[in-house]
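Please examine the sequence and the three-dimensional structure shown below. The paragraphs that follow lead through selected strands, helices and cores.

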Amino acid sequence: MTNNQNTSQGSNKPVVHVLNPSCQIEDLEIGSDYEGVITRVEKYGFFVSLSKSVYGLLRSRNPKEKVGNKIVVKISEIKPHKGKMDVDLTYSKTKYGSDYEIIKVKRNVKRTRIADLSEDNLGRNVAIQGEIIQIQQTSGPTIFTVRDETDVTWAAAFNEPGVRMYPDLEVEDVVEILGEVSLHGGKIQIESENIEKLEDDEEENFKKIVSDAMDKKAEPEDTSVMVESEILDLLRPKLALAAKAIRKAILDGRSILVRHHADADGICAGVAVEQAVLPLLREESNDADAEWHFFKRSPSKAPFYELEDVVKDLSYALEDAERHGQKLPLLVLLDNGSTEEDVAALRHSKVYGIESIVVDHHYPGEVENGRALIDDYVDIHVNPYLVGGDSQLTAGALAVELAGMINPDVRPQIRHFPGIAAVGDHAECDEVDQYLAIAEEEGYSREDLDKVATCVDFEAYFLRFMNGRGVMNTILGLEDKERQEELLDVLMSESDKRVETQLKAAMPNVETVYFENGIQLNRLDVEKYAHKFTYPAPGKTTGYVHDKLVQEKSEDEPIMTLANGPDFAVLRATEVIKNEFEFNLNNVITKIQEEIPQAGADGGGHEVAGSLKFVEGLQEEVLNLFIEEVKNLKR
């Protein structure tokens, strides 16, 4: 303090100072007035507490004051006594509660940037400013995670075990923390003496500085891709934006929720991003369980984000925000999220302001000026169709490129993932050939990749809604190679046995017709001629039946397989039907919706691989219209 006057400038009001709880004797000024609380009364006077550790004595014979009363006093003298400093007080002319101007006095400690804290500071008192990004109530202290423009640290506040300190403070508040530097779990932590929210104008300026710094820090260092591809080059800016958003969420203390399709392509995508994010989370958090608290990966049975999924995700997110002080998560959808079927769930999440990223290769409907319907509901949308590509560039490949931008260190471990995703999704294109060559360099032949993809699908069927982090890591070759080989052999033998059993039931009951346009249509009632509630499920069974029929002829032949149950149908077809007949399942579904609206038709997927749902009572009308559309196709 430099102003020694007891009236404010430009006003006749007396000035009374209020010390911050962390203030020390050196923050006092002789001759100035201060608010205090009477803490002890003796015959020779009474003691007044001015801050947490500063008190003074006002000498008075047989004083009438009572403990707990508030009072305004004047500092008359500060003098050494028995190795410490004593503060002598006198009565002020200003009475507590009268009309006076209050000046808040902060402890005179120079601000330290969080990045400058080190073990050299242990035991020293420091002042830091930061934005609260998480509040955790432990059985002991309250832990505030704060960040400034340089780094993140943690402040512990304690009064009673398990009691929330500073209950008025919330996530996103900007505060000044005064306290002693300590070490906890090998990381710097502040044992706080006082935490105080900054004024609005200070807070706004600070947030701008931090936001600019986080933007810079979140920027991916390397946005290169693994293969030469015109489509990937066009998608790189959006992939880089998605990587930046994910990196920023980590820095921002936000949890990341990954949803992906529960097949080989989707699981490769989800695990790739997981492998990139987890090391950064461990680095940025002092929470030993950060990788479990701040990252969740959940498979979705459907190739789109269902309302059932979003309701669960929102419930957990809102509960975490309420109980653990977490911010709402960043939603990352992989191998789903692009289609009209995703709109309802994404609109649902938007109500709560959930930021969302979609990396997908499913047909998103009509694209105009690089935008599809779903772009109205998501923040970042990466899809080959938006830049003139198609579904042959898989979501698994796109997610691996994304993972490499998030964390370049992860690239060596996941180089073979795009090959697994491509073989699992029966994708064929120039980019796939390059990815297969990379997988070959890593010791994976096409046969090996097919084995891994089959085992991923097999295990995913039994995992259902669990992510199977440890098991999937083994299958995908992220851990012990010897164990991977053993597990693949076990799963493959069991998968082959079950597929063989299913094909024995299905193949004799396939009905084949040939249309004048040259298309071979194979039909199967999987409700009647396939085992229920076992692997492979109807969609997979259709794929195996189709593959067996195609193997008897050629991939270059126009062959389509349509399997149906009472209220659903599953389609698989060779690429020639898409390329030469311009067939697109999604367009046929739209026509069914228009011509038989009462059927409640829904579904979709890739152009020649997907599913259709409808009202059971209108099965015949729906399937007849579908078949009629196929019959009328022309080269």
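**Strands, cores and a helix pair**

Strand S3 (residues 45–49) and strand S4 (residues 55–59) run antiparallel and are joined by 5 bridges. This is a predicted model, and the description below should be read accordingly. Within the pairing of these two strands, Phe 47 has Leu 57 of S4 as its bridge partner. The connection from S3 to S4 is a hairpin that passes through 5 residues.

S3 also pairs with strand S2 (residues 33–42), again through 5 bridges and in antiparallel fashion. Here Val 41 is matched with Phe 46, its bridge partner in S3. S2 and S3 likewise form a hairpin, with 2 residues between them. Is S3 mostly covered or mostly open? Of its 5 residues, 4 are buried, so that the strand counts as mostly covered, buried meaning under 20% relative accessible area.

Further along the chain, a barrel can be traced. It is closed by 5 strands in the order S8-S9-S10-S12-S11, with mixed pairing. On average, neighbouring strands of this sheet are turned by 55° against each other, direction ignored. One of the pairings in the barrel links strand S8 (residues 125–137) with strand S9 (residues 142–147); the two run antiparallel and share 6 bridges. Glu 131 has its bridge partner in S9, namely Arg 147.

The interior may be considered next. In soluble globular proteins, nonpolar side chains tend to be buried together. The largest nonpolar core of this model comprises 89 residues, and those with the most contacts inside it include Ile 246, Val 277, Leu 402, Phe 417 and Leu 476. Helix H3 (residues 264–284) supplies the largest share of this core, 12 residues. Another core, of 30 residues, lies apart from it and has Leu 571, Val 576, Ile 592 and Leu 618 among its members.

Phe 417 offers a closer view of the largest core. Leaving aside residues up to four places away in sequence, Phe 417 touches Cys 268, Val 271, Ala 272, Val 400, Leu 476 and Leu 478.

How do H3 and helix H9 (residues 417–424) cross, and within what distance do their axes come? The axes come within 8 Å and cross at roughly 160°. Because angles over 145 degrees count as roughly antiparallel, H3 is roughly antiparallel to H9. The crossing of H3 and H9 is left-handed. On the H3 side, the contact is made by Ala 264, Asp 265, Cys 268, Val 271 and Ala 272; on the H9 side, Phe 417, Ile 420, Ala 421 and Gly 424 take part.

Methods
Residues numbered from 1 in each chain as written. Predicted model: local features only at pLDDT ≥ 70, side-chain atom pairs only at ≥ 80, totals over all residues. Heavy atoms only, no water. Pairing = 2+ DSSP bridges. Axes fitted to C-alpha atoms, helices over the stretch in contact; angles between N-to-C directions. Core = buried A, V, L, I, M, F, W, Y, C linked by side-chain atoms within 4.5 Å. Buried < 20%, exposed > 50% of the residue type's maximum accessible area, 1.4 Å probe, protein only. Contact = heavy atoms within 4.5 Å. Parallel < 35°, antiparallel > 145°, perpendicular 65-115°, else oblique. Left-handed = near helix turned anticlockwise from the far one by under 90°.
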